[in-house]
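Me: I would like to go through this model with you one question at a time, with the reasoning set out before each answer.

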Amino acid sequence: MAKTQPRGSAGEPLLPSAYPSPYLDHHSPPDADAYVLLVPVRRLRHRLRRGCRCSCVAPVLAALVLLALGFLLWPADPDVSVARLSLAHISVVARPAVAVNISAALKVRVRNPDLFALDYSRLDVDVAYRGKALGRVTSGGGAVSARAVSYVDADLDLNGIRVVEDAIYLLEDLARGSIPFDTVVQVEGNLHFFFFTVPVKGKITCVVHVNPQNQTIVYQDCYPK
């Protein structure tokens with residue numbers, strides 16, 4: 001009579017599984033309590049992406065701050081404008097040679113747009129007729145505080161300035177009652193930028209038409225150059 005082997009319990013498999021469970025630690029003894037912590041892959045990727053964004057935003061913000069500081073601190077040329085131009089006297093003589101006499105007073109406005117003080121060494125006023133220089137008047141220097149405005153007075157006196165090439169045009173303008181003059185006002189100075197000295201320059205050009213008969217200015221137009 002054949003003997004039969006006793007069967008195991010109903011819950012135990014007859015053969016061990018060829019693929020062990022991935023959630024168990026096979027190095028620990030069978031009776032030990034094992035705790036396995038599972039981290040979702042999506043959450044880990046989200047944290048990595050947040051860290052990358054933070055590390056990329058910081059250099060961009062630092063570059064923007066440096067650009068803003070450079071824009072504010074970078075030295076700029078002063079703004080020059082003619083606040084007032086008054087004609088005192090003008091006359092044209094024809095003998096022995098065609099010459100012109102001009103006497104005028106200017107008030108020049110100098111604005112310093114920088115965050116540092118400006119020291120200008122000179123203020124030049126050039127007068128020309130039809131592109132030909134008649135003379136120059138130089139005024140003394142001064143200082144303009146940061147983000148401030150200063151006014152400089154300049155007296156223009158040109159006596160006996162001969163006009164040779166354009167003498168005929170000058171006589172025609174005299175008969176017409178309007179003589180055009182070009183006036184160029186230029187300011188040169190230095191801007192004290194921390195431990196450095198930066199040269200700056202401001203210039204403005206004015207086209208002025210004067211009437212020698214009634215000694216008045218009939219037209220004036222100024223623009224930066």
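Me: Is Lys201 buried, partly exposed or exposed, judged by its relative accessibility?
Reply: This is a predicted model, and the class rests on the computed relative accessibility of the residue, with buried meaning under 20% and exposed meaning over 50%. Lys201 comes to 41% relative accessibility, so this lysine counts as partly exposed.

Me: Which residue forms a salt bridge with Lys201?
Reply: The partner lies in strand S7 (residues 179-193) while Lys201 lies in strand S8, so the pair ties together parts that are 13 residues apart in sequence. The partner is partly exposed, with a relative accessible area of 26%. The closest N and O atoms of the two side chains are 4.0 Å apart, and the residue that pairs with Lys201 is Glu188.

Me: How much confidence does the predictor place in the chain, and which element has the highest confidence?
Reply: The chain averages a pLDDT of 78, and 69% of the residues score at least 70. Confidence is lowest in helix H1 (residues 41-73), where the mean is 60, whereas the highest value, 92, belongs to S2.

Me: How many helices and how many strands does the chain contain?
Reply: Read from the N terminus on, the elements follow the order α-β-β-β-β-β-β-α-β-β-β. The secondary structure therefore comes to two helices and nine strands.

Me: Which two cysteines are joined by a disulfide?
Reply: A search of the whole structure finds one disulfide, and its sulfur atoms lie 2.0 Å from each other. The first cysteine of the pair lies in strand S8 (residues 196-211) and the second in strand S9 (residues 216-224), so the link ties together parts that are 16 residues apart in sequence. With 110° about the S-S bond the link is right-handed, and the residues joined are Cys206 and Cys222.

Me: Of Cys206 and Cys222, which counts as buried and which as partly exposed?
Reply: A residue counts as buried when its relative accessible area is under 20%. Cys222 has 28% relative accessibility and so counts as partly exposed. At 2% relative accessibility, the cysteine that counts as buried is Cys206.

Me: Which residue forms a salt bridge with Arg111?
Reply: The structure holds nine salt bridges, and in the one made by Arg111 the closest N and O atoms are 2.3 Å apart. This pair links distant parts of the chain, since Arg111 is in strand S2 (residues 99-111) and its partner is in strand S1 (residues 79-93), 32 residues apart. Arg111 counts as partly exposed at 30% relative accessibility, and the partner also counts as partly exposed, at 33%. That partner is Asp79.

Me: Which residue meets the side chain of Lys107 in a salt bridge?
Reply: The N to O distance in this bridge is 2.8 Å. Lys107 lies in strand S2 and the other residue in strand S6 (residues 149-162), so the bridge ties together parts that are 46 residues apart in sequence. The residue that meets Lys107 is Asp153.

Me: Which residues touch the most other members of the largest nonpolar core?
Reply: This core has 42 residues, and the elements that give two or more residues to it include S1, S2, S6, S7, S8 and helix H2 (167-176). One of the residues asked for, Ile102, touches His89, Ile90, Val127, Leu134, Leu156, Asp157, Leu158 and Phe181, not counting residues up to four places away in sequence. The members that touch the most others are Val100, Ile102, Leu123, Leu134, Leu156, Phe181 and Val185.

Me: Which residues does a cis peptide bond join?
Reply: The proline of this bond is placed in the loop between S1 and S2. Omega is about 0°, and the residues joined are Arg95 and Pro96.

Me: What is the value of phi near which Arg147 lies?
Reply: Arg147 is found in the loop between strand S5 (142-144) and S6, and it is exposed, with a relative accessible area of 60%. Arg130, placed in the loop between S3 and S4, has a positive phi near 55° as well. For Arg147, a residue other than glycine, phi is positive and near 55°.

Methods: Residues numbered from 1 in each chain as written. Predicted model: local features only at pLDDT ≥ 70, side-chain atom pairs only at ≥ 80, totals over all residues. Heavy atoms only, no water. Disulfide = S-S within 2.5 Å. Helix = DSSP H or I, 4+ residues; strand = E, 2+ residues; numbered from the N terminus. Buried < 20%, exposed > 50% of the residue type's maximum accessible area, 1.4 Å probe, protein only. Core = buried A, V, L, I, M, F, W, Y, C linked by side-chain atoms within 4.5 Å. Contact = heavy atoms within 4.5 Å. pLDDT = per-residue confidence, 0-100.
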